[in-house]
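Dear colleague,

Please find below the structure that I am handing over to you. My findings follow it.

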Amino acid sequence: MRIAFLSDIHGNREALETCLAHALGEAPDRFVVLGDIVGYGADPVFCAEAVAALAAHGAVVVKGNHDEAVGPGMPSMTRDALAAVMWTRTQLGAGHLGFLAGLPLAVRDADRLYVHASADRPGHWPYIMSDRDAALSLAATDAVMVFSGHTHVPAVFPLRADGGCDIVVPSTGVPMRLWPRQRCQVVVGSVGQPRDGNPAAAYSILDLGRATLTQYRLTYDHARAAGKILAAGLPPRLADRLALGQ
Ligand code: ZN
């Protein structure tokens, strides 16, 4: 069983198409989308429809804070994120909004939990930036492994016997051996807006038979995605950051 994880697509069609093409070549048994399908990028309709199509073919999809923010109410977000939410609301139709609103906050799959932010109060969207954040997430569930996104910075946090977590940054394209029977928090990187200084789109494949996790980083046409953000009148910072991986 091999599971491809896509997270934080953020309306970036070029990045999503690149990751999907690569992932389909790897022929995983299942796709899991860890939320933030829309927000920031200029192609929310394309990305919502692509993920809905994956879901129709059996993909597991959970809700991100940006997916929630495009629904009713006034979200508390940074100015650029809020501007993107407001613009995204004008693009999405009732069907897209209904799909996003109906997504679950977390999905349990055997001994794994899939959630956008953290297993610890998922609807409050805490960030897993540190070993302590990862330990809090693992303490909130009895799942052996928790998979999340939200930070846009890939990292793996194995739980130690003393209750703390180590931090391992996965290398690109190299299967990382997971620890049998050891609990672990995995933060997969972002498809559409990486923030680890590497502009390449990120996605990961978990191989349950081999007990490995492989992170792929793929160059894509970020200049095209950035040009569409500017043409849509979205904050220029949202375009500029794609080339920087920030
Ligand atoms: Zn995000």
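Which element gives the most to the lining of the largest cavity? It is α7, with 3 residues. Please bear in mind throughout that this is a predicted model.

To take the cavity further, the structure holds 1 cavity of 30 Å³ or more, and about 80 Å³ of space lies in the largest cavity. Its lining comprises 16 residues, and those nearest its centre are H10, N12, G41, I229 and L242. Two or more lining residues come from each of the elements α1, α7 (222–231) and α8 (236–244).

H10 also appears at the zinc site. The zinc ion has as its protein donors D8 (OD), H10 (NE2), D36 (OD) and H152 (NE2), at 2.1 to 2.3 Å from the ion. Along the chain, these donors follow the spacing D-x1-H-x25-D-x115-H. Two of the donors, D8 and H152, link distant parts of the chain, being 144 residues apart. D8 lies in the loop between β1 (2–6) and α1 (13–26), whereas H152 lies in the loop between β6 (145–148) and β7 (155–158). Both D8 and H152 are buried.

Why is the site of the zinc ion classed as irregular? The angles among its 4 donor atoms run from 85 to 177 degrees; four donors count as tetrahedral only if all angles lie between 85 and 135 degrees, and as square planar only if opposite donors are over 155 degrees apart and all others between 65 and 115, with anything else being irregular.

Turning to the aromatic residues, a search of the whole structure finds 4 aromatic pairs. One of them is edge-to-face, because the rings of Y114 and F147 have their planes at 65 degrees, with centres 6.2 Å apart. This pair links distant parts of the chain, with Y114 in strand β5 (residues 112–115) and F147 in strand β6, 33 residues apart. Y114 has 0% relative accessibility and therefore counts as buried; F147, also at 0%, counts as buried.

Y203 and Y216 form a stacked pair, at 5.2 Å centre to centre and with 25 degrees between the planes. Since Y203 belongs to strand β10 (residues 201–207) and Y216 to strand β11 (residues 212–218), the pair ties together parts 13 residues apart in sequence. Y203 and Y216 are both buried.

Ring pairs also link F5, Y114 and F147 into a cluster. Finally, the charged end of R241 sits over the ring of Y40, at 5.7 Å from the ring centre.

With kind regards

Notes. Residues numbered from 1 in each chain as written. Predicted model: local features only at pLDDT ≥ 70, side-chain atom pairs only at ≥ 80, totals over all residues. Heavy atoms only, no water. Donors = N, O, S within 2.8 Å, 3.2 Å for Na, K, Ca; no water. Tetrahedral: all angles 85-135°; square planar, octahedral: opposite > 155°, others 65-115°. Helix = DSSP H or I, 4+ residues; strand = E, 2+ residues; numbered from the N terminus. Buried < 20%, exposed > 50% of the residue type's maximum accessible area, 1.4 Å probe, protein only. Phe/Tyr/Trp six-rings, centres within 6.5 Å; stacked < 30°, edge-to-face > 60°. Lys NZ or Arg CZ within 6 Å of the ring centre and 35° of its normal. 1 Å grid on protein atoms, 1.4 Å probe; cavity = no way out; pocket = protein on both sides within 12 Å on 5 of 7 lines; lining within 4 Å. Points joined across faces, edges and corners; volume = space filled by probe spheres on them.
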